[in-house]
Amino acid sequence: MAGKVSPYRKDWRGAFAALRALLADGDDTHQVFLIMRALNGSATLKGYHRLLGRPGGGRIAYRRVELAERLSDPAYVAGFPPGSVGAAYRDWLAETGYSAAGLAAISLVGVERLAEEHPYAWFGRRTRDLHDSWHVLTGYKADETLGEAALVGFSYAQTGGLGWAWIAAGAALKSRRVTGGWLFARAVWEGYRNGRRAAWLQGEDHETLLHEPLDAARARLNIREPVAYRRAQAALGPAMASYASVARTAAA
């Protein structure tokens, strides 16, 4: 009997096509999830089993909370205490205009496997839904090409998903051509190094973390100040802003 082809095998051709589209339009978030589908399958399996081996991880996996649903509840988001991670996340939502439900909807287009009733699919959704809070914890801006790329480097270190590495490398190489220097690439590399040094965030009880004071959470999780990112942000200026942030500024 012929062996069954794993649905988690890597699709390099699909990843390359999606990366080209993403680099052409940095706000085409859908391409990110196509890259994740193409390259991150094995990392999702490993991450889920790593969670099961963590203290408290089995309880998190057993409960299978859908964070996108929880974070789309206005009453829930309004309840975070001042100075907490959740309060900073609430401010972040107001500043960017993004939403957990919106990200979830984009992620499912052409990536139907992510919607399955399966532990691995749930862990993939959990990883997706942690992304925005990682912006808050790390300080990397979401509506900025540089901030997203730096968080991509951080995410690769945290998850081991090759899709993140694929995007980070592509963005860093393009930045060299666009800016004529390495400040952008150094910020992405710093994001990766900071992700390696930090605690494993996928193993955290996210609902508890959201109620923790922001500065205390950063210290406990060893999330370092992004020095190279701040330097690149100041030096490169608006050239690194994404189309979304430019459009909002023009509208204002």
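At what angle do helix α2 and α11 pack, and how far apart are their axes? In this predicted model, α2 (residues 29-39) meets α11 at an angle of about 130°, and the axes are 7 Å apart. That makes α2 oblique to α11, and the crossing is right-handed.

Let's look at who does the touching. From α2 come Val32, Ile35, Met36 and Leu39, and they meet Leu162, Gly163, Trp164, Trp166 and Ile167 of α11. By class, that contact has 8 nonpolar residues, 1 polar and no charged ones.

Now on to α10, which covers residues 145-159. With 12 of its 15 residues buried, α10 is largely enclosed by the rest of the structure. The buried set includes Leu146, Ala150, Phe154 and Gln158. Here is what the buried residues of α10 pack against:

| Helix packed against α10 | Residues |
|---|---|
| α3 | 41-52 |
| α9 | 119-138 |
| α11 | 162-179 |
| α12 | 183-197 |
| α15 | 227-236 |

The length of α10 checks out too: at 1.5 Å a residue, its 15 residues should span 21 Å, and the end C-alpha atoms are indeed 21 Å apart. Right after α10 comes Gly160, with a positive phi near 75°.

One last residue to click on is His206, which sits in helix α13 (residues 206-209). Its relative accessible area is 3%, so His206 counts as buried. Leaving aside residues up to four places away in sequence, His206 touches Leu67, Arg126, Leu130 and Ser133.

How values were computed:
Residues numbered from 1 in each chain as written. Predicted model: local features only at pLDDT ≥ 70, side-chain atom pairs only at ≥ 80, totals over all residues. Heavy atoms only, no water. Helix = DSSP H or I, 4+ residues; strand = E, 2+ residues; numbered from the N terminus. Buried < 20%, exposed > 50% of the residue type's maximum accessible area, 1.4 Å probe, protein only. Contact = heavy atoms within 4.5 Å. Expected span 1.5 Å × (residues − 1). Axes fitted to C-alpha atoms, helices over the stretch in contact; angles between N-to-C directions. Parallel < 35°, antiparallel > 145°, perpendicular 65-115°, else oblique. Left-handed = near helix turned anticlockwise from the far one by under 90°. Nonpolar A, V, L, I, M, F, W, Y, C, P; charged D, E, K, R; others polar.
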